[in-house]
Amino acid sequence: TQCVPGCMCPAGLVLDENGGCISDEKCPCIHNEAMYQPGEKINVDCNTCVCKNRKWECTEDQCLGTCAVYGDGHYNTFDDKRFSFNGNCEYTLVQDHCGKSGTANGTFRVITENIPCGNTGTTCSKSIKVFLEVRSVIKRGQNHEVPYTFRYMGIYLVIETTSGLILMWDKKTSIFIKLSPDFKGQICGLCGNYDGNGINDFTTRSQSVVENVLEFGNSWKVSSTCPDAYSVKDPCSTNPYRKSWSEKQCSIINSNVFATCHSQVEPAKYYQACVTDACACDTGGDCDCFCTAVAAYAQACSEVGVCVAWRTPSICPLFCDYYN
């Protein structure tokens with residue numbers, strides 16, 4: 001699929017995928033197994049890349065880091081480490097006052113409250129607290145000048161602070177936290193330490209790096225009186241009657257609906273998380289869990305510049321007039 005030297009071509013020309021002879025500058029570029037012609041542009045995070053002479057020439061802007069938390073305890077840290085953690089308590093997602101005491105000078109803290117969302121021991125994030133300057137909790141309706149803005153963007157409530165923190169919440173179980181590169185290596189919590197290395201993201205409150213996700217997650221409880229989380233049995237094994245329904249519903253992630261995104265964002269882990277969540281939500285709201293899981297993949301696609309219109313009147317519809 002790429003240009004290669006060819007003995008049938010005159011000097012300075014190469015063979016293209018069709019067997020013709022072309023100059024170097026007319027060769028395509030490859031990104032995530034997709035081919036792009038010279039002059040075509042793609043977005044990689046916040047940067048724009050242009051195909052030129054078989055190579056990508058990209059801008060070098062510093063991009064915001066993103067931590068995602070959704071559904072049945074699925075986490076994707078700022079350094080792209082994925083894990084699942086189920087705990088019934090309040091947990092620190094991210095803060096910039098770290099160290100063994102946890103009280104070093106800092107400017108913000110984000111806490112999530114996890115509650116049971118099924119009979120299998122699974123929990124979901126249903127409440128978010130944002131603290132600024134450590135002691136100042138955000139409240140709506142304040143008249144005096146505050147260091148944040150508050151708005152709605154589609155289904156998301158968006159809070160943006162002057163310090164470089166952006167929080168997007170669907171008021172259900174999906175949370176996306178974006179941070180300025182200025183905070184790299186200066187944060188801690190369930191979202192990791194944002195130092196560019198996912199291997200050491202399991203850093204506990206006492207600043208020790210561990211391998212066990214339960215030890216890591218339990219260390220970030222806000223209250224020591226909460227019970228420790230424990231390993232949860234696979235919900236599809238506990239509720240086998242829901243497995244086939246879950247797999248059928250979640251197959252939309254692997255279908256042609258998201259075909260344009262598959263080469264940009266690997267769908268396998270999002271599909272498995274969707275199946276797990278759909279099996280786990282056995283106390284009502286099962287469609288809500290399914291929709292949240294698919295929306296998480298759609299959001300990941302959007303982050304890389306692929307916008308997929310996947311909702312229909314029969315699949316997770318939104319009332320556009322209301323959101324407009």
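Among contacts between residues at least 6 apart in sequence, 50% join residues at least 24 apart in this chain. The model is predicted. Its chain has 324 residues, of which 47% count as buried, and its secondary structure consists of 7 helices and 18 strands.

**Strand β17 and its partners**

Strand β17, residues 165-169, is mostly covered, with 5 of its 5 residues buried. Leu 165, Leu 167 and Trp 169 point one way from β17, whereas Ile 166 and Met 168 point the other way. Both sets of side chains are buried.

β17 pairs with β16, which spans residues 156-161, in the antiparallel sense. Within this pairing, Val 158 stands opposite Met 168. β17 also runs antiparallel to β18, where Lys 178 is the bridge partner of Ile 166. Thus Met 168 and Ile 166, which point the same way from β17 and are buried, face Val 158 of β16 and Lys 178 of β18 respectively.

Each of the two pairings is also a hairpin. The turn between β16 and β17 contains Gly 164, which has a positive phi, and the turn between β17 and β18 contains Lys 171, which likewise has a positive phi. The table sets out the values for the two hairpins.

| Hairpin | Bridges | Residues between the strands | Turn residue and phi |
|---|---|---|---|
| β16 and β17 | 4 bridges | 3 residues | Gly 164, about 110° |
| β17 and β18 | 5 bridges | 5 residues | Lys 171, about 65° |

**The sheet β5-β6-β7**

Another part of the chain holds an open sheet of 3 strands, in the order β5-β6-β7, with antiparallel pairing. The edge strands are β5, residues 41-44, and β7, residues 55-58, each of which pairs on one side only. From one strand to the next, the twist averages 35°.

β6, which covers residues 47-52, is joined to β7 by 4 bridges in the antiparallel sense. Across this pairing, Cys 51 stands opposite Trp 56 of β7.

**The largest pocket**

The largest pocket encloses about 1000 Å³ of space. Its lining comprises 36 residues, and those nearest the centre are Asp 45, Thr 66, Asp 80, Glu 303 and Val 304. By class, the lining has 15 nonpolar, 11 polar and 10 charged residues.

Several elements supply at least two lining residues each: the strands β5, β8 (65-70) and β18 (175-179), together with the helices α5 (268-280) and α6 (286-303). The largest share, 5 residues, comes from β8. Two of these contributors also belong to the arrangements described above: β5 is an edge strand of the open sheet, and β18 forms a hairpin with β17.

**Pro 235 in helix α2**

Helix α2 spans residues 235-238 and includes Pro 235. Is this proline buried or exposed? Pro 235 has a relative accessible area of 5% and therefore counts as buried, the cut-off for that class being under 20%. Pro 235 and Val 275 are 40 residues apart along the chain, and their C-alpha atoms are separated by 9.1 Å.

Methods. Residues are numbered from 1 along each chain as its sequence is written. This is a predicted model: local features need pLDDT of at least 70, side-chain atom pairs count only at pLDDT 80 or more; totals for chains, interfaces and linings use all residues. Side-chain values use heavy atoms; hydrogens and water are left out. Two strands pair if DSSP finds at least two bridges between them. Axes are lines fitted to C-alpha atoms, for helices over the stretch in contact, and angles run from 0 to 180 degrees between N-to-C directions. On a 1 Å grid over the protein atoms alone, a cavity is a set of points where a 1.4 Å probe fits but cannot get out, and a pocket is an open set with protein on both sides within 12 Å along at least five of seven lines; lining residues have an atom within 4 Å of a point. Grid points are joined across faces, edges and corners, and a volume is the space filled by probe spheres set on the points. Ala, Val, Leu, Ile, Met, Phe, Trp, Tyr, Cys and Pro count as nonpolar, Asp, Glu, Lys and Arg as charged, and the others, Gly among them, as polar. Buried means under 20% relative accessible area, exposed over 50%, partly exposed in between (1.4 Å probe, protein chains only). Contact means heavy atoms within 4.5 Å.
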